[in-house]
Amino acid sequence: MAKESKKMKSEGTPLYTIPGLTTEQGAEIAALLQDRLNALTDLHLTLKHVHWNVVGPHFVAVHEMLDPQVDAVREMADTTAERIATLGLSPVGTPGALVADRGWDDYSIGRAGAIEHLGALDLVYSGVIEDHRKAIEATDDLDLVTQDMLIAQAGQLEQFHWFVRAHLETTGGQLTTAGASTEVEATRQAGRAGVKRKSA
C-alpha cells in the first residue's frame, strides 16, 4: 500500500463549536491544543523510553517514579484530544503527524544512568511547561474552560518537573544542569555532578 503524501492536521473551521464561541474561535483554540496534544504525546512516549533505558544505582527509584508520570501525561493527552473534538475538529494522534508538526527534536539519549536521563528530562519538562504556559496566556481572553484544563495540566507537569529536579539539585540549592541548552549537555553535566557526589 502506497503512503499518503498528505499529513493529517487538526485545522480548518469546524461546522459547529462550543456554544458561546464562534467557529473561528473554536478553530483557533483547537489549533493551539493540537500543538499541546503533540507535546503531551511526545512527552509520555519519552518518559516511557527513559523508563526502559535507565540503568545504574538509582534505577529502581527512577524506573518506578516514571510510570505514574507516564500514566498522568497520557491522561492529559486524552483530555486534550477530547477537548479538540468538543470544539468541533478532529484531534490528530498519528506518529507521522506528530513528527511532521512538532517544533522540537526527538529525545536523544539511549541507555544511560538515572542521573544522566534526569538531566535530559529537566530540559524536556522545561520546554513542555514553557509552551503550556504560553497556551494558558493565549486562552486568557478566548476560552477560560480550555485555560482551566491547561492550568491543571501545567500544575501537575510542574510537580513532575520538581520530582526530576530534586535528583539534580545540590545541597546548596543549585541545579547540576544549570546553563545546559541541549539534552546531551544536560546529561553530561548531571553525570559529572553525580560522579563528584560519589567521590566526595
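Student: How do the residues lining the second largest pocket divide into nonpolar, polar and charged?

Tutor: The lining has 5 nonpolar, 5 polar and 3 charged residues. Ala, Val, Leu, Ile, Met, Phe, Trp, Tyr, Cys and Pro count as nonpolar, Asp, Glu, Lys and Arg as charged, and the others, Gly among them, as polar. Keep in mind that this is a predicted model, where local features need pLDDT of at least 70 and side-chain atom pairs pLDDT 80 or more, while totals for chains, interfaces and linings use all residues. Residues are numbered from 1 along each chain as its sequence is written, and side-chain values use heavy atoms, without hydrogens and water.

Student: How much space does the second largest pocket hold, and which residues are closest to its centre?

Tutor: Rolling a probe the size of a water molecule over the atoms shows where empty space is left. Here the second largest pocket holds about 200 Å³ (the space filled by probe spheres set on the grid points). It is lined by 13 residues, and D42, L45, L98, R102 and D106 are the closest to its centre. A pocket is an open set of points on a 1 Å grid where a 1.4 Å probe fits, with protein on both sides within 12 Å along at least five of seven lines; lining residues have an atom within 4 Å of a point. Helix 1 and helix 3 (95–101) each give two or more residues to this lining, and helix 1 gives the most, with 5.

Student: What about the largest pocket: what is its volume, and which helix supplies the largest share of its lining?

Tutor: Its volume is about 440 Å³. Helix 4 supplies the largest share, 7 residues. Of the 19 lining residues, W104, D105, L123, V124 and E183 lie nearest the centre. By class, the lining has 6 nonpolar, 5 polar and 8 charged residues.

Student: How do helix 4 and helix 5 pack?

Tutor: Two packed helices are described by the angle between their axes and the distance between the axes. Helix 4 (residues 114–138) and helix 5 (residues 144–166) have axes 9 Å apart, at an angle of about 160°. That makes them roughly antiparallel (over 145 degrees). Among the residues that meet are L118 and Y125 in helix 4, and L150 and F160 in helix 5. Their contact (heavy atoms within 4.5 Å) has 13 nonpolar, 5 polar and 4 charged residues.

Student: And at what angle do helix 1 and helix 5 cross?

Tutor: Helix 1 (residues 23–53) and helix 5 cross at roughly 20°, and their axes come within 12 Å. Helix 1 is therefore roughly parallel to helix 5 (under 35 degrees). The residues making this contact include L33 and L40 of helix 1, and M149 and L157 of helix 5.

Definitions and conventions. Axes are lines fitted to C-alpha atoms, for helices over the stretch in contact, and angles run from 0 to 180 degrees between N-to-C directions. Helices (H or I, at least four residues) and strands (E, at least two) are DSSP runs, numbered from the N terminus. Angles under 35 degrees count as roughly parallel, over 145 as roughly antiparallel, 65 to 115 as roughly perpendicular and the rest as oblique.
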